[in-house]
Amino acid sequence: MKKKLLAFLLLAGLLCTVLSGCGDSSTAETPEDATQANAITVGIAQDLDESLDPHKTVKAGTREIMFNVFEGLMKPTPEGDLTPAVAEKYEVSEDGTVYTFTLRQGVKFHNGETVTADDVVYSLERCKDPQDASIVPVEAFSSIASIEAPDEATVVITLTEPSNEFISYLTTAILPADYDQQDTAPVGTGPFKFTSRTAQDSIVLEKFDEYWGTPAYLDQVTFKIIENADSLLMSLQSGAIDLCSHLTSTQVAQLGDDFQILEGTMNLVQALYLNNDVAPFDNELVRQALCYAVDKQGIIDLAFDGYGAPIGSSMYPAFGKYFDESLTDYYTYDPAKAQELLTQAGYPDGFDMTITVPSNYQPHMDTATVLVEQLKAVGINATIQPVEWESWVNDTYVGRQFQSTVVGVDAANMTARALLERFTSTADDNFINYSNADYDALFQQAVTCYDDAEQTELYKAMEKNLTEHAANVYIQDLADLVAMRTGLEGLQFYPIYVLDLSTVRFAE
């Protein structure tokens, strides 16, 4: 019944618009014998950043794929820990301000050069004080007083003050200092090396035979870009794709025995993000009204067959100690309360609004469809505006030209800071234009706090601030449904948004 209702809603409002690209037959040819070739094709719903330089990455989807190519001094594990990568080990001074890294011997870049301490210094300095405006600075590196290389195998980083989060940011990619083609032919130290890119079509990676760690099992992975949801499903059904993540329950229900369905979490904060600087969402009462008008569990049940975990702020459950379960039900579903607040705000008859949604992400489209119906109950007339992914990035995210949008926000690092810093008033990626002096003050306290328990409580206070002031209408951490061809095995889920293919293999 739920699926029929969702199908009806789609037909009633969005079907023609959403499926306007159905003629796109972006598919890949099926290998005659994938096992013998030891290669797979992975379907992805968006193209990567124009530049593949990891220090210029904006899109979460780029980080997700290029995780296979780049590594830092440290790298995350599926268990949520950090383990040495380019570094073999490190020591921290008693006062917590000096980190001394011993580099792993014989680590090779994909161009054959051996990693040296100079490469590490170059990479970290590049992200600390970018000389190129296109490089995204690592804000946590602002606390670095100096980076030195006393010899080819040692790097010493001195901080202006101790930070118990600093090590998490040393997953920043280490690149060769004397290489200037990272934009188009990226070179890292990961288990796969970049081979080729066909714009808006595909990315090809190959196994790096000189990888320092456990080698990848697959010889080649082709990422096929198929932005149209129907074309993506047809490519799976036809056998052109061997693996695809971030599918909906409706999509996986249409796959047969050729695929096994794996379930993890997407590690995204999916919400109805509101532009706090644009009417009527510059009014806190209006934003709070929307929070009461939305039934998040209803969305999860109707659009996702119950898959997914409801959330109440900009933090998802996989971040453990930072996740505040009590905020999940801070706003209970209460249409009458929503209408009362709208009346107080001067909108007794509701208003019209636009929800901008990247059309290549079916989960976000399905969520927006249900939101439209729920908001009608309190007099709000919401219209969905499907846009291409590049348009969403350039106009909505970077340009901040929107009223509201449904999307998922990820954490680039395994820290609470990675999810919460973006909502400080001066953050470049504060795309919702949230401005709250108390929030900014809490953040400054958190990043200068060395006591872990105290810092955790400060981050939770920031989460509560976002919830109390209804910065956004928080919905869920999406379930990650992955279709993997029968005969493949070894895929592991991480607590951050990455797709590690180094452990994927054909069963013997």
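Select Trp392 to begin: with a relative accessible area of 5%, Trp392 is buried, a word that here means under 20% relative accessible area, with exposed meaning over 50% and partly exposed in between, for a 1.4 Å probe and protein chains only. What you are looking at is a predicted model, in which local features need pLDDT of at least 70 and side-chain atom pairs count only at pLDDT 80 or more, while totals for chains, interfaces and linings use all residues. Residues are numbered from 1 along each chain as its sequence is written, and side-chain values use heavy atoms, with hydrogens and water left out.

**Aromatic rings**

Keep Trp392 on screen and add Phe431, which at 1% relative accessibility also counts as buried. Rings of Phe, Tyr and Trp (for Trp, its six-membered ring) pair if their centres lie within 6.5 Å, and planes under 30 degrees apart count as stacked, over 60 as edge-to-face and the rest as tilted. By this rule the structure has 21 aromatic pairs. The ring centres of Trp392 and Phe431 are 6.3 Å apart and the planes stand at 65 degrees, so this pair is edge-to-face. Trp392 belongs to helix α11 and Phe431 to the loop between α12 (416–420) and α13 (437–447), so that the pair links parts of the chain 39 residues apart; helices (H or I, at least four residues) and strands (E, at least two) are DSSP runs, numbered from the N terminus.

Now widen the selection to Tyr273, Tyr361, Trp389, Trp392, Tyr397, Phe402 and Phe431, which ring pairs link into a cluster. Then select Tyr434 and Tyr439, whose ring centres are 5.7 Å apart with planes at 85 degrees, so this pair is edge-to-face; both tyrosines are buried.

**Charges over rings**

A charge sits over a ring if NZ of Lys or CZ of Arg is within 6 Å of the ring centre and within 35 degrees of the ring normal. Select Arg417 with Tyr169, and you will find the charged end of Arg417 over the tyrosine ring, 5.9 Å from its centre. Next take Arg505 with Tyr217, where the charged end of the arginine sits over the ring at 4.9 Å from its centre.

**Salt bridges**

A salt bridge is a side-chain nitrogen of Lys or Arg within 4 Å of a carboxyl oxygen of Asp or Glu, and a search of the whole structure finds 16 of them. Return to helix α11 (residues 389–398) and select Glu390 there, together with Lys59 in the loop between β1 and α3, a pair that links parts of the chain 331 residues apart. The closest N and O atoms of this salt bridge are 2.2 Å apart. Glu390 is partly exposed at 33% relative accessibility, whereas Lys59 is buried at 4%.

Stay in the loop between β1 (39–44) and α3 (60–66) and select Asp47, then add Arg197 in strand β8 (residues 192–198), 150 residues apart from Asp47. These two form a salt bridge with the closest N and O atoms 3.2 Å apart. Arg197 counts as partly exposed at 26% relative accessibility, while Asp47 counts as buried at 9%.

Next select Lys56 and Asp132, whose side chains meet in a salt bridge at 3.4 Å, N to O. Lys56 lies in the loop between β1 and α3 and Asp132 in the loop between α4 (117–128) and β6 (144–151), so the pair ties together parts 76 residues apart in sequence. Adding Asp183 completes the selection, since Lys56, Asp132 and Asp183 are linked in a network of salt bridges.

**Backbone details**

Most residues other than glycine have a negative phi, and most peptide bonds are trans. With that in mind, select Ala279 and Pro280: the peptide bond from Ala279 to Pro280 is cis, with omega near 0 degrees, and Pro280 is placed in the loop between β13 (269–274) and α7.

Move on to Gln200, which is not a glycine and yet has a positive phi of about 60 degrees; Gln200 lies in the loop between β8 and β9 (202–207) and counts as exposed at 66% relative accessibility. End at Asn267, in the loop between β12 (259–265) and β13, where phi is near 55 degrees, again a positive value in a residue other than glycine. Asn267 is buried, with a relative accessible area of 1%.
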